[in-house]
Amino acid sequence: MSAKPRFPLPLSSVTAKKPGTEFRPTVATPQTATRNAATTAAKSPWAPPPPAATPSRAHSYAQERAQPQPLAAPRQNPLVSDAVRRAMVQRVARQGVQDQVVLSALETVPRHMFMDEGLASQAYIDASLPIGHHQTISQPYIVARMIEVMRNGGQLQRVLEIGTGCGYQAAVLACVAQEVYSIERIKPLHELAKSNLRPLRVANLRLHYGDGMLGLPQAAPFDGIILAAAGLEVPQALLEQLAIGGRLVAPVGARTQHLELVTRTGKAEWVRQTLEDCHFVPLRPGIV
């Protein structure tokens with residue numbers, strides 16, 4: 001068996017837009033699963049690369065991310081090749097995500113490793129997919145969009161994620177932040193995330209089993225907080241664990257939801273900004 005390649009993997013330029021192309025925002029639906037996956041797979045604009053295809057060489061963002069990077073596991077299925085992953089990132093870029101570091105991280109993390117083997121062929125379509133326990137792995141676009149908004153072109157030192165799920169978004173965050181903490185309230189998903197992440201050896205990521213609505217005060221303050229579930233409002237405990245100048249991105253609402261950006265501007269001051277529509281599972285208290 002050949003040696004495992006080290007991250008970051010070779011990257012293609014994915015942000016160039018065709019002249020006259022404009023981004024038309026659509027409702028992000030990271031928590032709709034099998035139906036979205038089947039529909040998107042049928043309309044997928046790219047096909048698996050031929051077996052002899054060789055990934056193109058591109059520039060690296062290693063200088064912008066000094067923390068240790070995870071290791072990629074070997075891939076045997078041509079449907080989860082580097083070329084297919086680059087095609088996914090190109091689509092996300094066409095949808096409006098421009099942050100080069102975020103796009104690089106999205107191309108770096110092998111999404112197929114975070115879902116059942118039977119769904120591996122659909123891993124790089126822009127759709128959410130089931131991971132069990134009535135939860136899903138979020139669609140690539142919404143993952144990139146939320147991280148881009150939280151990062152805001154700056155350097156992220158310490159980030160908190162609420163809702164680890166299968167661990168995919170946590171792995172992407174680990175490529176753009178120095179330290180990442182992630183909380184999951186569903187015990188089997190917490191264990192699944194640990195199992196998924198173990199082969200990647202992500203040194204700057206810490207997983208916690210607990211109530212995400214309470215945050216992680218022992219590791220606060222955080223200069224970035226991201227929620228993968230929607231509440232009627234952002235829990236006050238999370239707002240108070242945000243560093244001054246830090247940014248929190250969360251879905252807010254019941255049936256009708258939108259992404260909300262909260263920036264802490266003072267000891268008791270937060271500024272809110274409403275972004276695009278979205279749809280997430282509900283944010284719940286406690287552990288199960």
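**Close-up views of a predicted model**

**View 1. Ala171 and its neighbours.** Leaving aside residues up to four places away in sequence, Ala171 touches Val109, Phe114 and Leu197. The model you are looking at is predicted. Find Ala171 in helix α5, which covers residues 168-174. Is Ala171 buried or exposed? Its relative accessibility is 1%, and buried means under 20%, so Ala171 counts as buried. Now look across to Phe114: the two residues are 57 residues apart along the chain, yet their C-alpha atoms are separated by 9.9 Å.

**View 2. The largest nonpolar core and its companion.** Here you can explore a core of 58 residues, the largest nonpolar one. Among the residues with the most contacts inside it are Phe114, Ile137, Ile147 and Val172. Which helix gives the most to this core? Helix α4 (residues 140-151) does, with eight residues. A second core of 20 residues is separate from it, and includes Ala219, Leu239, Leu248 and Val252. In soluble globular proteins, nonpolar side chains tend to be buried together.

**View 3. Ile147 and the residues around it.** Let's zoom in on one of the residues with the most contacts inside the largest core, Ile147. Not counting residues up to four places away in sequence, Ile147 touches Val102, Gln169, Val172, Leu173, Val176 and Ile226.

**View 4. Helix α2 from end to end.** This helix has 13 residues, numbered 82-94. How does its length compare with what we should expect? At 1.5 Å a residue it should span 18 Å, and its end C-alpha atoms are 18 Å apart, so the two values agree. The buried residues of α2 include Val84, Ala87, Met88 and Val92, and also the charged-looking names on your sequence, Arg85 and Arg86. These buried residues pack against α3 (100-108), α4 and α5. After α2 comes Gly96, with a positive phi near 120°.

**View 5. Two buried cysteines.** Cys166 has a relative accessible area of 3% and is buried. Cys175, at 0% relative accessibility, counts as buried too. How many disulfides does the model have? The count comes to zero, where a disulfide would need a pair of cysteine sulfur atoms within 2.5 Å.

**View 6. Stepping back to the whole chain.** The chain holds seven helices and nine strands. Of its 288 residues, 55% count as buried. The chain exposes about 13,400 Å², and carbon and sulfur atoms supply 52% of that area. Among contacts with a separation of 6 or more, 65% join residues 24 or more positions apart.

Conventions. Residues are numbered from 1 along each chain as its sequence is written. This is a predicted model: local features need pLDDT of at least 70, side-chain atom pairs count only at pLDDT 80 or more; totals for chains, interfaces and linings use all residues. Side-chain values use heavy atoms; hydrogens and water are left out. Buried means under 20% relative accessible area, exposed over 50%, partly exposed in between (1.4 Å probe, protein chains only). Helices (H or I, at least four residues) and strands (E, at least two) are DSSP runs, numbered from the N terminus. Contact means heavy atoms within 4.5 Å. Accessible areas come from the Shrake-Rupley method with a 1.4 Å probe; for residues, only the protein chains shown count as cover. A nonpolar core is a set of buried Ala, Val, Leu, Ile, Met, Phe, Trp, Tyr and Cys residues joined through side-chain atoms within 4.5 Å. The expected span of a helix is 1.5 Å times one less than its number of residues.
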